[in-house]
Amino acid sequence: MKKYLKEIIITAFQLFMFYIFPLFAGPTDAMGMVFLIILATFILSFALGILSKTNLKFLYPFFISLLFIPSVFIYYNESALIHAVWYLVISVLGLCFGSFINLIIKLIKK
């Protein structure tokens, strides 16, 4: 369990962004809220790419995309299901950038 602590903490922050953050947004703030959640997804997946040393991190984008789907039916309507694809793409990009930075840091340390 301690081995996956970083992944669990980052996933908990992502769950906060999907399920708690929309409670504080007003009805007119929907587009700004979507942008902030996408930005947070990129930053969290970037951090996971840098911090995680396990291969489990490569499942993170798919896991996040699946975690978003129930929030569509709680806060939005079915037309927001397309955002699950965006979260998948943004998480893959963030994870790739983070893993690349982690690789560069390892090469510099050698």
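In this predicted model, Gln 14 is a buried residue, with a relative accessible area of 0%. Gln 14 belongs to helix α1, which covers residues 5–20. When residues up to four places away in sequence are not counted, Gln 14 touches Ala 40, Thr 41, Leu 44, Tyr 60 and Ile 64. Two of these partners, Tyr 60 and Ile 64, are listed among the residues of α3 that meet α1, and Gln 14 itself is listed on the α1 side of that contact.

The packing of these two helices can be described further. Two packed helices are described by the angle between their axes and by the distance between those axes. For α1 and α3, the angle is about 25° and the axes are 9 Å apart. Because angles under 35 degrees count as roughly parallel, α1 is described as roughly parallel to α3, and the crossing in which α1 passes α3 is right-handed. From α1, the contact involves Ile 10, Thr 11, Gln 14, Leu 15, Phe 18, Tyr 19 and Ile 20, which meet a set of α3 residues that includes Tyr 60, Phe 63, Ile 64, Leu 67 and Phe 68, as well as Pro 70, Ser 71, Ile 74 and Tyr 75. By residue type, this contact divides into 13 nonpolar residues, three polar residues and no charged ones.

Helix α3, which comprises residues 60–75, also packs against α4, and here the axes come within 8 Å and cross at roughly 155°. Since angles over 145 degrees count as roughly antiparallel, α3 and α4 are roughly antiparallel to each other. The crossing of α3 and α4 is right-handed. On the α3 side the contact is formed by Pro 61, Phe 62, Ile 64, Ser 65, Phe 68 and Ile 69, and on the α4 side by His 83, Ala 84, Tyr 87, Leu 88, Ser 91, Val 92 and Leu 95. The residues of this contact divide into 10 nonpolar, three polar and no charged. Ile 64 and Phe 68 of α3 appear in the contact with α4 and also in the contact with α1.

One of the α4 residues in this contact, Ser 91, lies in a helix that covers residues 82–109. Ser 91 is buried, with a relative accessible area of 0%. A polar atom of the Ser 91 side chain lies 2.3 Å from the backbone oxygen of Tyr 87. Apart from neighbours within four places in sequence, Ser 91 is in contact with Thr 41, Ser 45, Pro 61 and Ile 64. Thr 41 and Ile 64 are also among the residues touched by Gln 14.

Further along α4, the helix also contains Ser 99, which counts as buried because its relative accessible area is 18% and the cut-off for buried is under 20%. Leaving aside neighbours within four places in sequence, Ser 99 is in contact with Gly 49, Ile 50, Lys 57 and Phe 58. Ser 99 and Ser 52 are 47 residues apart in sequence, yet their C-alpha atoms are 8.8 Å apart in space. Phe 46, placed in helix α2 (residues 30–51), counts as partly exposed at 27% relative accessibility. The C-alpha atoms of Phe 46 and Gly 98 are separated by 4.4 Å, although these residues are 52 residues apart in sequence. With residues up to four places away in sequence not counted, Phe 46 touches Gly 94, Leu 95, Phe 97, Gly 98 and Ile 101.

The loop between α3 and α4 is the place of Tyr 76, which is partly exposed, with a relative accessible area of 23%. The contacts of Tyr 76, again without neighbours within four places in sequence, are with Pro 22, Met 33, Ile 37, Phe 68 and Ser 71. Tyr 76 and Ile 50 are 26 residues apart along the chain, and their C-alpha atoms are separated by 32 Å.

For the protein chain as a whole, four helices and zero strands are found, and the pattern read along the sequence is α-α-α-α. The C-alpha trace spans about 50 × 25 × 20 Å along its principal axes. Of the 110 residues of the chain, 35% count as buried. Among contacts between residues at least 6 apart in sequence, 72% join residues that are at least 24 apart.

Definitions and conventions
Residues are numbered from 1 along each chain as its sequence is written. This is a predicted model: local features need pLDDT of at least 70, side-chain atom pairs count only at pLDDT 80 or more; totals for chains, interfaces and linings use all residues. Side-chain values use heavy atoms; hydrogens and water are left out. Helices (H or I, at least four residues) and strands (E, at least two) are DSSP runs, numbered from the N terminus. Buried means under 20% relative accessible area, exposed over 50%, partly exposed in between (1.4 Å probe, protein chains only). A polar contact is a pair of N or O atoms within 3.5 Å; within protein, one must be able to donate a hydrogen and the other to accept it, and residues adjacent in sequence count only if both atoms are side-chain atoms. Contact means heavy atoms within 4.5 Å. Axes are lines fitted to C-alpha atoms, for helices over the stretch in contact, and angles run from 0 to 180 degrees between N-to-C directions. Angles under 35 degrees count as roughly parallel, over 145 as roughly antiparallel, 65 to 115 as roughly perpendicular and the rest as oblique. A crossing is left-handed if the near helix is turned anticlockwise from the far one by less than a right angle, and right-handed if clockwise. Ala, Val, Leu, Ile, Met, Phe, Trp, Tyr, Cys and Pro count as nonpolar, Asp, Glu, Lys and Arg as charged, and the others, Gly among them, as polar.
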